[in-house]
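Student: I would like a close look at a single part of this model, beginning with one position and then following the contacts outward as far as they help. Please take it slowly and keep the argument connected.

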Amino acid sequence: MPKNIIKVENLNLWFKNKKILKDMSMEIAEHEITSIIGPSGCGKSTFIRTLNRMNDLIPTCRITGNIFYENKNIFSPGIDVTNLRRRVGQVFQKPNPFPKSIFENVAFGPRLYGEKNKNKLNSLVKKYLERVGLWEEVKENLNRNALSLSGGQQQRLCIARVLAAEPKVMLMDEPCSALDPISTAKIEDLMQKIKNDVTIVIVTHNMQQAARVSQFTGFFLMGELIEYGKTNDIFTKPRCKKTEDYITGRFG
Amino acid sequence: MRYKMRKMNWQKTRENLIKIFFEFSGIISIAVLAGIFIFLAFTGMQAFKEISFAQFFLEKEWNPTSYGNPQWGILAMLAGTAYISLGALIIAVPVGIATAIYLAEIASPFMRETLKPIIEMIAAIPSVVLGLFGLIFLAPIVSALFNINSGLNALSTSILVAIMTLPTIVSISEDIIREVPREYKEAAFAMGATRWEVIKKVVIPVSSSGIFASVMLGLGRAIGETMLVLMVAGNARAFPGSFLDPVRPLTANIAIEIKEVVSGDLHYQALFATGLILFAITFVINLASDIIIHKQLKKLKP
């Protein structure tokens, strides 16, 4: 197993009195793609939103346990959450570019972190749009409103926006569930291209996608991590009966 | 069978009657608006048979009762209206927008549920009451602060009109800001933006045109305000030199002079012309802000 970038220890999470995540422990390998699969409502999205502390935004959320990012506990009081989120970026289920220009979307992160030099911003925007394969499609007019792009283009733009913040980890919450197969394929290709720079954790309800893109897979059920291991093993010789039932389509 | 048919017919007629009643109610309000406009325009435009537009809009002297040499310039009063409404906006816009942002983005649900109705309640204060407050309480303070004879001036009036426009600005801005989709804010938070950065870089830019429209609506209110202004503005006809001068805005002028004119004479018509101009200004402002708000809401909910 390669080096871990994130380590989760005995994580429990409640919304109000409802327990969403139950005693979870898992390690996420650096420079690999880890997918989280499981039926709807099993806590997949909540889990990845815990990794960048986005659940802080929900007042009724309560958490016990530890998560270490590069050996630092993200819940310890000395942690700067904005800094953590800069390192652990997130792509959402529904493409959510800001209703601003394409340029402003990609430049959002760099500007936020204090980059003012116009030339530097120009080159960063070009670099990351090229990275996600959008440059050729939009270079004619970077001032176009991002909302005028197609769904797939918008999602790649969102990925470019996250990458421009130069994160170490990118969390992807069902990033292709609103997209057509061609757009999905483009995003999957993109993931393979960038995984050497950015560790990816992807939540997906599409098991073929998990099998195609990821090296490691975790199977969640009712807030529990049922099985976690190499993707190949999970899909070919699952140790757990529930995992087997799920991946063979008996429920879910 | 026949009975049933009869019953069906009656039901159909009833439905039609109800429909006509509601349609009629809707048409009445449009008819009233059109009627007021026609009435104002008809009487007001007659003034321009004898007074030239240039004289009316560009001259500072308004003295319709001067024997032999009446003067019809509304510029000083336009300036009075401008002083008061812009002064009010200078005060109300920062306070109102900051309050709206606080209510929509920062306040706890309890604070929001408590504060918003209270702010909206300001709109329920009769303007004559605010006027009394201004006369007895605010004007003396202003006169003492600036060491002037009377606090009945553009500044005092602006402060009070600002209070009157606050509910409009706060309430509408807050509604618009709350329409900013959660997805946008989440995206910014997930990039490591602080709450303040999210407000500054996402919430305000996205809702800016709606906020602008709320300010326009506030402006419409400020321009049309009469009673309060009549009581506190000082009502001098001279062209105001500063915020510490007494002013007579268009609304107050109509209210003061309409009691003294002979129905149908030129003075009467000139006052109607003033009313027509006020109506036109507020109508355009309200219409424009309505369109902007609609567009904004459409933009936020694709």
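Tutor: Let us begin with B:Asn16, which is found in helix H1 of chain B, bearing in mind throughout that this is a predicted model. B:Asn16 has a relative accessible area of 42%, so it is classed as partly exposed, since that class lies between the 20% that bounds buried residues and the 50% above which a residue is exposed. As a marker of how this position relates to another part of its chain, the C-alpha atom of B:Asn16 is separated by 58 Å from that of B:Phe239, a residue 223 places away along the chain.

Staying in the helix, we can turn to a charged pair. B:Lys19 and B:Glu23 both belong to helix H1 of chain B, which covers residues 2-46, and they sit four residues apart, or about one turn of the helix. Their side chains meet in a salt bridge with an N to O distance of 4.0 Å, a value to be read against the 4 Å cut-off that the rule applies. The two partners fall into separate accessibility classes: B:Lys19, at 51%, counts as exposed, whereas B:Glu23, at 43%, is partly exposed. Elsewhere in chain B, salt bridges with shared partners link B:Lys116, B:Glu120, B:Glu174, B:Asp175 and B:Arg178 into one network.

Chain A offers a pair to set beside this one, namely A:Lys139 and A:Glu136, whose closest N and O atoms are 3.1 Å apart in a salt bridge. Here the lysine, A:Lys139, is partly exposed at 36% relative accessibility, while the glutamate, A:Glu136, is exposed at 57%.

Over all chains the count comes to 25 salt bridges. One of these deserves particular attention, because B:Glu186 lies in helix H7 of chain B and A:Arg49 in helix H1 of chain A (residues 44-51), so that the pair joins two chains. The nitrogen and oxygen of this salt bridge are 2.8 Å apart. Both partners are buried: B:Glu186 has a relative accessible area of 8% and therefore falls under the 20% limit, and A:Arg49, at 12%, is buried for the same reason. Between chain B and chain A the count is one salt bridge, and there are four residue pairs in polar contact, where both residues of each pair reach pLDDT 80 or more. On the side of chain B that touches chain A, the elements that contribute two or more residues are helix H7 (182-190) and helix H8 (195-224) of chain B. The largest share of that side, seven residues, is supplied by H7(B). By residue class, the side of chain B that touches chain A divides into 10 nonpolar, two polar and four charged residues.

The wider extent of this contact can now be stated. Chain B gives 16 residues to it and chain A gives 26 residues, and together the chains bury about 1700 Å², with 70% of that area on carbon and sulfur atoms. Within the share that chain B buries against chain A, B:Ala190, B:Met191 and B:Lys201 supply 37%, more than any other three residues.

On the chain A side of the model, A:Ser101 gives a view of a loop, since it is found between strand S6 (88-91) and helix H3 (102-112) of chain A. A:Ser101 has a relative accessibility of 14% and so counts as buried. Apart from its neighbours within four places in sequence, A:Ser101 is in contact with A:Leu142, A:Asn143, A:Arg144, A:Asn145 and A:Ala146.

Finally, a word on the cysteines: the structure holds zero disulfides over all chains. A:Cys42 is in none, the nearest cysteine sulfur being that of A:Cys240, 14 Å away, which is beyond the 2.5 Å that a disulfide requires. In accessibility, A:Cys42 is buried at 2%, while A:Cys240 is partly exposed at 25%.

Key. Residues numbered from 1 in each chain as written. Chains lettered and ligands numbered in written order. Heavy atoms only, no water. Contact = heavy atoms within 4.5 Å. Buried area = accessible area lost by both parts, 1.4 Å probe. Polar contact = N/O pair within 3.5 Å; in protein donor to acceptor, adjacent residues only side chain to side chain. Nonpolar A, V, L, I, M, F, W, Y, C, P; charged D, E, K, R; others polar. Buried < 20%, exposed > 50% of the residue type's maximum accessible area, 1.4 Å probe, protein only.
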